Amino acid sequence: MKNLKKLFLPVLAAAFLAAPAQAADTLMMATTTSTQDTGLLEFLAPTFQKETGIELKWVAVGTGKALEIAKNCDADVLLVHAPAAEKEFVKAGHGIDRRQVMYNDFVLVGPKADPAGVKGKDTAAALKTIADKKASFVSRGDQSGTHKAEQKLWKQSGLNPDKEAFYISAGQGMMATLNMAAEKGAYSLTDRGTWIKFNAQQGAKNPLAIVVEGDKALFNQYSVITVNPKQCPKTKADLGKKFEDWWVAPSTQKRIAEFKLEGKQLFFPNAGK
């Protein structure tokens, strides 16, 4: 029995010590669908693990849902793109150390024939025209960063189309929303990164095209946030800091700029801007 204990106890001790170390090296992130749909996370995650020793796991949902996941203490960090909601999240004590890491922009897409005649207009004028002509518009309708940006743009245009027949709420991610817009011959707002991926997948059969772009109102900022350990005691805030430091590091910012699809840059680094 003594010999058995001598053999068993060291094995048990080793297993006990190994378990926390493995858990501590895993970080759970809640993020927006665009970072996954574009392939950015699959591009960056292996380098993150190699350079920090931390395995990054994530769930990709709309930003609103990602913030709720974090409020429920089911994530350690966030990578999202709804600045007003993020600032409120931090102000309410749910998150700490919000840092801007990259940006792209939103684009308004619609049928190539542009039945509402909005091509070349600014965003406000385009939305007013779509509403006046009752042209079909598909919204994500999921409280994502893109949906929040779209709601803001409608409000700035003096419109609230939620109950209008031409306004269709998909309640789904960006790729699904674009597919619905393509099927219905409708307009929609999308982040440029997901649009580039969608357009590449559709190829020549894509019935949609960009009709409005380049407006300052279409700027799309992404930020990282660590969940506040004071509200969520199990949050791995020490690893969260490493995660945030890694995103703003010059080498990572360079990789973000290098991430392209069909020669097109999907995201632009702007740490500290």
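The following exchange asks how several labels given to this predicted model are justified.

User: What makes α10 and α11 oblique to each other?

Analyst: Helix α10 (residues 237-248) and helix α11 (residues 250-258) pack at an angle of about 60 degrees, with axes 5 Å apart. Angles under 35 degrees count as roughly parallel, those over 145 as roughly antiparallel and those from 65 to 115 as roughly perpendicular, and because about 60 degrees falls in none of these ranges, the two helices are called oblique.

User: Which residues meet where α10 packs on α11, and how do they divide by class?

Analyst: From α10 come Trp246, Trp247 and Val248, which meet Pro250, Thr252, Gln253, Arg255 and Ile256 of α11. In this contact five residues are nonpolar, two are polar and one is charged.

User: Why is the pairing of aspartate 245 with arginine 99 called a salt bridge?

Analyst: The label requires a side-chain nitrogen of Lys or Arg within 4 Å of a carboxyl oxygen of Asp or Glu. The N to O distance between aspartate 245 and arginine 99 is 2.8 Å, so the pair meets the cut-off. Aspartate 245 lies in helix α10 and arginine 99 in strand β4 (residues 95-111), and the pair therefore ties together parts that are 146 residues apart in sequence.

User: What other partners belong to the network that contains Arg99 and Asp245?

Analyst: Salt bridges link Asp97, Arg99, Lys241, Glu244 and Asp245 in a network. One of its pairs joins arginine 99 to aspartate 97, at 3.0 Å from N to O. In the structure as a whole there are twelve salt bridges.

User: How do you know that aspartate 97 and aspartate 245 are partly exposed?

Analyst: Partly exposed residues lie between the buried class, under 20% relative accessible area, and the exposed class, over 50%. Aspartate 97 has a value of 37% and aspartate 245 a value of 29%, so both aspartates belong in the intermediate class.

User: What does the salt bridge of arginine 192 with glutamate 213 tie together, and what makes glutamate 213 partly exposed?

Analyst: The side chains of arginine 192 and glutamate 213 meet at 2.8 Å, N to O. Arginine 192 lies in helix α9 (residues 192-202), whereas glutamate 213 lies in the loop between β8 (208-212) and β9 (219-227), so the pair ties together parts that are 21 residues apart in sequence. The relative accessibility of glutamate 213 is 46%, and glutamate 213 therefore counts as partly exposed.

User: Why is α8 called oblique to α9?

Analyst: Helix α8 (residues 174-184) packs on α9 at an angle of about 55 degrees, and their axes are 10 Å apart. The range for roughly parallel ends under 35 degrees and that for roughly perpendicular begins at 65, so an angle of about 55 degrees makes α8 oblique to α9. The crossing of α8 and α9 is right-handed.

User: Which residues of α8 meet α9, and which residues of α8 are buried?

Analyst: Met174, Met175, Leu178, Asn179 and Ala182 of α8 meet residues of α9, including Trp195 and Phe198. By class, this contact has six nonpolar, four polar and one charged residues. The buried residues of α8 are Met174, Met175, Thr177, Leu178, Met180, Ala181 and Ala182.

User: Which elements do the buried residues of α4 pack against?

Analyst: In helix α4 (residues 63-71), Thr63, Gly64, Ala66, Leu67, Ile69 and Ala70 are buried. The buried residues of α4 pack against several elements, among them β1 (26-32), β2 (55-61) and α7 (145-156).

How values were computed: Residues numbered from 1 in each chain as written. Predicted model: local features only at pLDDT ≥ 70, side-chain atom pairs only at ≥ 80, totals over all residues. Heavy atoms only, no water. Axes fitted to C-alpha atoms, helices over the stretch in contact; angles between N-to-C directions. Helix = DSSP H or I, 4+ residues; strand = E, 2+ residues; numbered from the N terminus. Contact = heavy atoms within 4.5 Å. Nonpolar A, V, L, I, M, F, W, Y, C, P; charged D, E, K, R; others polar. Buried < 20%, exposed > 50% of the residue type's maximum accessible area, 1.4 Å probe, protein only. Left-handed = near helix turned anticlockwise from the far one by under 90°.
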